[in-house]
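These are my notebook entries on one protein model. I set down what I looked up, entry by entry.

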Amino acid sequence: MEMPVAESQINKRRLSLSLYLNYLIHGFGIIILAQNMVALGSVWQVPIKTVSFVISGIGIGRLIAYLITGTLADMLSRKLFVFIGMACYLIFAIGMVMTHSIPVAYGLAILAGIANSALDAGTYTTLVEMNNGKGYDTILIKGFVSLGEFILPLIVAALSANNLWFGWSFIVMAVLIITNMINMSTIKFPKIQRVTLRHHQQTVRRPKKSIRKMVATILLLGYGYSSMAVMIWFTQWITLFAQKSLGYGNLAAHTLLSLYSVGSIIGVITLFILLKRNVNEMTLLVSLNLTAVIALLIILIAGNNINLVSVASLVFGFSAAGGIMQTGLTVFMNLYPRHRGMVTGAFYFFGSIASFTVPLITGVLSAHSIQLAFAGDLAVAVSGTILMVILALLNTKGKIKNGTN
């Protein structure tokens with residue numbers, strides 16, 4: 001039985017807000033171990049490098065789980081996997097302040113990676129299906145992650161300043177999860193079969209196998225890697241590059257990363273508005289990736305012109321980290337409307353590969369020079385732009401998301 005229109009709209013709003021709150025919590029989860037490295041090292045009686053090793057377990061969990069959770073989310077239930085993600089994060093948050101065992105802590109970090117993949121499999125698909133294949137709501141996920149990453153350091157700093165137990169930051173995370181689980185338990189999710197099959201029947205009239213579709217799939221998987229890599233590369237190296245290669249002071253160098261974050265939040269809001277007004281997704285993918293390339297090039301050649309570099313860092317955050325990766329995922333999901341969970345898993349699986357390979361690649365490059373290590377980001381940004389230009393050219397004779405040739 002269908003819900004009345006008014007009740008349906010209220011349910012949709014509640015569901016959207018609950019899904020977004022999970023990503024504010026996820027913003028906590030991404031950095032909570034790094035923000036508490038010293039305290040955790042003291043409690044576990046291990047050096048900082050061991051805590052860093054534990055943090056790497058998050059990436060392992062993502063790689064293990066993305067393809068599995070995405071596929072199962074299509075077969076079973078979006079809501080189930082959202083709850084699995086929340087439960088995994090809850091165990092992670094409580095377990096980390098209770099354990100003194102490094103193997104257990106590493107296992108909990110892996111669980112956090114699984115939580116991330118389960119949330120993605122259930123959330124991105126749900127938001128797209130609620131809007132009949134349109135992905136503007138997924139852009140806001142990035143904004144809530146950034147909000148979480150902004151709030152948590154303030155909590156950690158306040159606890160430290162008042163000589164309070166570091167574990168309260170984990171407890172706050174756990175309380176938010178429990179509150180949201182209670183709220184979400186009464187919310188209805190859209191039905192997978194009816195939404196995706198109806199969309200599929202209305203839009204897809206094509207052979208099951210298409211060379212154009214296969215090429216588009218390869219391009220989008222490559223973009224899953226490059227769009228994640230370009231952000232990781234920048235955030236890991238911009239501060240050191242500014243200090244060692246550009247000669248900036250500590251405050252000025254760190255400010256560049258802050259400007260990147262501000263640009264990211266502005267980008268999320270802008271992209272949300274543009275997509276809601278039905279601006280073409282392919283146009284945005286090409287133009288914003290090209291903008292990111294130009295911004296990086298300016299940073300590399302501007303030298304000690306700190307004002308120009310600052311503006312370029314803001315613009316790079318706006319274009320590369322303002323939700324354009326999520327836009328690429330939306331295009332990918334609409335290429336396979338009956339397998340959106342599987343597609344989400346595959347897309348972010350390649351993003352997880354980036355989280356492992358970027359530190360390895362930049363480590364090798366940094367042995368030659370810091371400037372070379374940072375400049376490698378330009379090559380990645382150019383490659384991502386080329387992928388999207390080719391995808392746009394494929395789209396000139398018909399919408400790829402509809403699978404026409």
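**Entry 1: Helix α10**

I began with G222, which lies in helix α10. The model is predicted, and I read every value below with that in mind. G222 has a relative accessible area of 24%, so I entered G222 as partly exposed. I then looked up a partner remote in sequence: F347 is 125 residues away from G222 along the chain, yet the two C-alpha atoms are 8.5 Å apart.

I turned next to S226, which is also placed in helix α10. Is S226 buried or exposed? S226 is buried, because its relative accessibility is 5% and the cut-off for buried is under 20%. Setting aside neighbours within four places in sequence, I found S226 in contact with V380, S383, G384 and L387.

**Entry 2: The end of helix α15**

I looked up S366 and found it in helix α15, which runs over residues 340-366. The relative accessibility of S366 is 23%, so S366 counts as partly exposed. Which residues does S366 touch, once its neighbours within four places in sequence are left aside? I noted contacts with W237 and A373. For the pair S366 and W237 I also recorded the separation: 129 residues in sequence, and 9.8 Å in space from C-alpha to C-alpha.

**Entry 3: A pair within helix α11**

A252 belongs to helix α11, residues 250-276. I listed A252 as partly exposed, because its relative accessibility is 22%. From A252 to I265 I noted 13 residues in sequence and 20 Å in space, C-alpha to C-alpha.

**Entry 4: The chain as a whole**

I then stepped back to the protein chain. Its secondary structure consists of 16 helices and zero strands. The C-alpha trace spans about 55 × 50 × 35 Å along its principal axes. Does the radius of gyration agree or disagree with that of a compact globule? For 405 residues a compact globule would come near 22 Å, and the protein chain has 21 Å, which agrees.

I checked burial and surface as well. Of the 405 residues, 53% count as buried. The accessible surface is about 17700 Å², and 69% of this surface belongs to carbon and sulfur atoms. Taking contacts between residues at least 6 apart in sequence, I found that 82% join residues at least 24 apart.

**Entry 5: The largest nonpolar core**

How many residues does the largest nonpolar core have? I entered 118 residues, and those with the most contacts inside this core are L33, W44, F92, M96, M173, F316 and F374. Helix α10, residues 211-244, gives the largest share of the core, with 15 residues. In soluble globular proteins, nonpolar side chains tend to be buried together.

I followed W44 further. Beyond its neighbours within four places in sequence, W44 is in contact with V51, V54, M96, T99, H100, I102 and A105. Of these partners, M96 is itself listed among the core residues with the most contacts.

**Entry 6: A nonpolar patch on the surface**

I looked next for nonpolar side chains at the surface. I64, I68, L72, M75, L76 and L80 make a nonpolar surface patch of about 570 Å². Which helix gives the largest share of the patch? Helix α4, residues 57-75, does so with four residues. I68 lies in this helix, and I recorded I68 as partly exposed, because its relative accessibility is 48% and exposed requires over 50%.

**Entry 7: Positive phi in two loops**

Last, I looked up backbone angles. Most residues other than glycine have a negative phi. Q45 has a phi near 60 degrees, a positive value in a residue other than glycine. I located Q45 in the loop between α2 (37-44) and α3 (48-55). With a relative accessible area of 72%, Q45 is exposed.

N163 also has a positive phi, near 55 degrees, and is a residue other than glycine. Where is N163 placed? I located N163 in the loop between α7 (136-161) and α8 (168-184). N163 is exposed, because its relative accessible area is 73%.

Conventions:
Residues numbered from 1 in each chain as written. Predicted model: local features only at pLDDT ≥ 70, side-chain atom pairs only at ≥ 80, totals over all residues. Heavy atoms only, no water. Buried < 20%, exposed > 50% of the residue type's maximum accessible area, 1.4 Å probe, protein only. Contact = heavy atoms within 4.5 Å. Patch = residues over 30% accessible without salt bridge, like charges linked within 9 Å, V, L, I, M, F, W, Y side chains within 5 Å. Areas by Shrake-Rupley, 256 points an atom, 1.4 Å probe, with all protein chains shown as cover. Salt bridge = Lys/Arg side-chain N within 4 Å of Asp/Glu carboxyl O. Core = buried A, V, L, I, M, F, W, Y, C linked by side-chain atoms within 4.5 Å. Rg over C-alpha atoms; globule rule 2.2 N^0.38 Å.
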